[in-house]
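This report goes through one protein chain residue by residue and pair by pair. The sequence and the structure come first, and the text follows.

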Amino acid sequence: MKRRHQVVLFAVLLLSLTILSPSFDFRGSQHNQGRNQEKDTYTGVSSRNEDTSAPLDVLVSMSEEEFASFQKVAKEVAASIYVEVNLRNVEPKEYKEVLDREFSLGENGDIILLDSDQVQHYARKGYLLPLNATTLSKALGDSAAELRGMTEWNGYQWAMPFDVDPYVMGIIPSYLNEAGLQGFPQNREQWSKLIKESQTKSAPLISLNIDDIYEASAWLSYLPPGMSPDQILTMQLTSMTNEFQQGVSLLGELQPHIVTMSVDPVLSASDYKVQTPMFVSTLSRILHADEVAKGRGTFSSPVSLQALRAVESRSLVITAGTTEADAASRWIEGMASAVTQKKWYKQTKRLPARQQESEKEVGEVRSRYSMVLNQPWFGKESPVQWIENKTKIERFQKRVQQVLEGEISAAQYVSSIRKTVNP
């Protein structure tokens with residue numbers, strides 16, 4: 001009887017192994033455990049057959065002109081590594097809604113171009129694949145450290161920085177000379193000289209794109225001692241210091257001399273005859289406008305640029321639901337290569353995310369426009385704090401627009417922001 005029981009047990013064990021072996025997941029228990037842990041947030045399970053090599057689905061949000069350039073570069077890289085890419089472009093206003101909907105339905109494709117400050121948000125939800133275990137781990141080291149910091153979370157790197165576009169303030173140097181200044185204003189006294197010159201000429205001083213909240217805030221952050229919403233919120237909540245009171249007074253004096261537009265003042269300069277001697281824009285738009293002018297010159301006089309602290313940055317991520325992680329990694333590596341980054345900059349004027357290439361291009365821009373870099377593009381705050389600051393800026397978008405358009409006073413602008421943390 002005892003021997004008979006052993007034979008039966010052996011048969012049962014053999015049958016169990018036979019049943020389990022065809023469907024056993026050889027990726028290991030950690031893979032399945034990770035998906036179970038993220039079950040409440042991660043739904044990016046691909047329906048694609050893992051034995052096939054399907055085209056990579058890439059989702060971006062760009063203007064039509066920029067997307068045309070992206071298509072060309074993306075397909076060149078794909079051809080060089082023998083893969084195919086399906087590119088899809090979504091309207092900027094609809095992008096976040098489309099991303100959230102497709103992530104929740106598991107229809108998020110393989111690769112997405114995200115704003116760098118959104119990477120941590122989607123990584124926390126379990127929608128992205130960490131790049132540390134891919135072939136991209138080495139290439140990540142070539143990108144700017146500040147950009148890598150924005151795309152890092154929980155000890156992992158979740159994105160490959162792709163490009164960056166800083167905000168800059170421009171001015172006609174002759175206007176500075178007429179106001180008795182040797183360079184860009186650094187304090188209230190120097191700003192007052194520019195205001196006085198504007199009053200003398202009976203003409204506005206500076207143009208801003210009111211619809212770009214980051215552009216407007218970048219300029220406010222330059223005003224001493226810093227008048228953007230995030231800076232106001234970090235001020236002491238007890239009594240306003242004398243320096244801060246002077247900042248409020250300066251903003252109030254500047255209000256009548258600000259021209260607000262719904263487009264970038266640099267791009268519209270020739271069409272709408274904007275005559276302000278100062279303006280705020282992204283660097284790419286200035287460079288592109290000059291190139292389009294084809295030697296005719298975007299401006300009637302030479303222009304000097306002052307770097308502001310804010311930047312627009314984008315990064316490429318791999319979705320957690322992809323079954324083409326290897327091909328996706330190789331394609332992203334090609335997009336982040338020195339050769340491709342140079343091509344992208346030449347076509348779009350957005351600076352490369354690679355440290356070495358970016359420094360080279362910035363050097364040429366500095367020579368061309370006498371650009372001042374005494375205020376770094378990236379602040380001293382941590383990447384987490386940087387993202388929180390952008391959230392604060394978005395929160396007070398209406399207040400920023402109102403103060404720049406003169407609908408509310410500078411004191412009302414500051415008071416409304418401070419009341420949110422000290423009611």
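Asn 108 is buried, because its relative accessible area is 6% and the cut-off for burial is under 20%. The residue sits in the loop between α4 and β3 (111-115). Its C-alpha atom is separated by 8.9 Å from that of Tyr 127, which is 19 residues away along the chain. The model is a predicted one.

**The chain as a whole**

The protein chain has 19 helices and 11 strands. It consists of 423 residues, of which 48% count as buried. About 21,600 Å² of the chain is exposed, and carbon and sulfur atoms supply 51% of that area. When contacts between residues at least 6 apart in sequence are taken, 75% of them join residues at least 24 apart.

**Salt bridges**

The count of salt bridges comes to 18. Three of the pairs are set out below.

| Pair | Closest N to O distance |
|---|---|
| Glu 102 and Arg 88 | 2.8 Å |
| Arg 350 and Asp 165 | 3.8 Å |
| Arg 309 and Asp 230 | 2.7 Å |

The salt bridge between Glu 102 and Arg 88 has its closest N and O atoms 2.8 Å apart. Glu 102 lies in helix α4 and Arg 88 in strand β2, so this pair ties together parts that are 14 residues apart in sequence. Are the two partners buried or partly exposed? Glu 102 counts as buried, because its relative accessibility is 10%. Arg 88 has a relative accessibility of 37% and therefore counts as partly exposed.

In the second pair, the side chains of Arg 350 and Asp 165 meet at 3.8 Å, N to O. This pair links distant parts of the chain, 185 residues apart: Arg 350 is in the loop between α15 (338-348) and β11 (351-352), and Asp 165 is in strand β6 (residues 160-171). Arg 350 and Asp 165 are both buried. They also belong to a network of salt bridges that links Glu 66, Asp 163, Asp 165, Glu 312, Arg 314 and Arg 350.

The third pair is Arg 309 and Asp 230, with the closest N and O atoms 2.7 Å apart. Arg 309 lies in strand β10 (residues 304-318) and Asp 230 in helix α10 (residues 229-234), so the salt bridge ties together parts that are 79 residues apart in sequence. Arg 309 is buried, as is Asp 230.

**A patch of negative charge**

Which residues gather in a patch of negative charge on the surface? They are Glu 64, Glu 91, Glu 94 and Glu 97. Of these, Glu 94 is found in the loop between β2 (85-89) and α4 (95-105). Its relative accessibility is 43%, so Glu 94 counts as partly exposed. A residue must have over 30% relative accessible area to be part of a patch, and the 43% of Glu 94 meets that condition.

**Glu 197 in helix α8**

Another glutamate, Glu 197, is placed in helix α8. With a relative accessible area of 14%, Glu 197 is buried. Apart from neighbours within four places in sequence, Glu 197 is in contact with Tyr 175, Glu 178 and Ala 179. The C-alpha atoms of Glu 197 and Tyr 175 are separated by 8.3 Å, and the two residues are 22 apart along the chain.

**Backbone details**

Most residues other than glycine have a negative phi, and most peptide bonds are trans. Some places in this chain depart from that pattern.

Tyr 82 has a positive phi, near 60°, and is not a glycine. This residue is in the loop between α3 (64-80) and β2. Tyr 82 is exposed, because its relative accessible area is 78%, and exposed means over 50%.

Ser 202, also not a glycine, has a positive phi of about 55°. The loop that holds Ser 202 runs between α8 (188-201) and β7 (206-209). At a relative accessible area of 67%, Ser 202 is exposed.

The peptide bond from Pro 224 to Pro 225 is cis, with omega near 0°. Pro 225 is found in the loop between α9 (213-222) and α10.

Note on methods:
Residues are numbered from 1 along each chain as its sequence is written. This is a predicted model: local features need pLDDT of at least 70, side-chain atom pairs count only at pLDDT 80 or more; totals for chains, interfaces and linings use all residues. Side-chain values use heavy atoms; hydrogens and water are left out. Patches are made of residues with over 30% relative accessible area and no salt bridge: like charges are joined within 9 Å, nonpolar side chains (Val, Leu, Ile, Met, Phe, Trp, Tyr) within 5 Å. Accessible areas come from the Shrake-Rupley method with a 1.4 Å probe; for residues, only the protein chains shown count as cover. A salt bridge is a side-chain nitrogen of Lys or Arg within 4 Å of a carboxyl oxygen of Asp or Glu. Lys and Arg count as positive and Asp and Glu as negative; His and the chain ends are not counted. The place of a charge is taken as NZ of Lys, CZ of Arg, CG of Asp or CD of Glu. Helices (H or I, at least four residues) and strands (E, at least two) are DSSP runs, numbered from the N terminus. Buried means under 20% relative accessible area, exposed over 50%, partly exposed in between (1.4 Å probe, protein chains only). Contact means heavy atoms within 4.5 Å.
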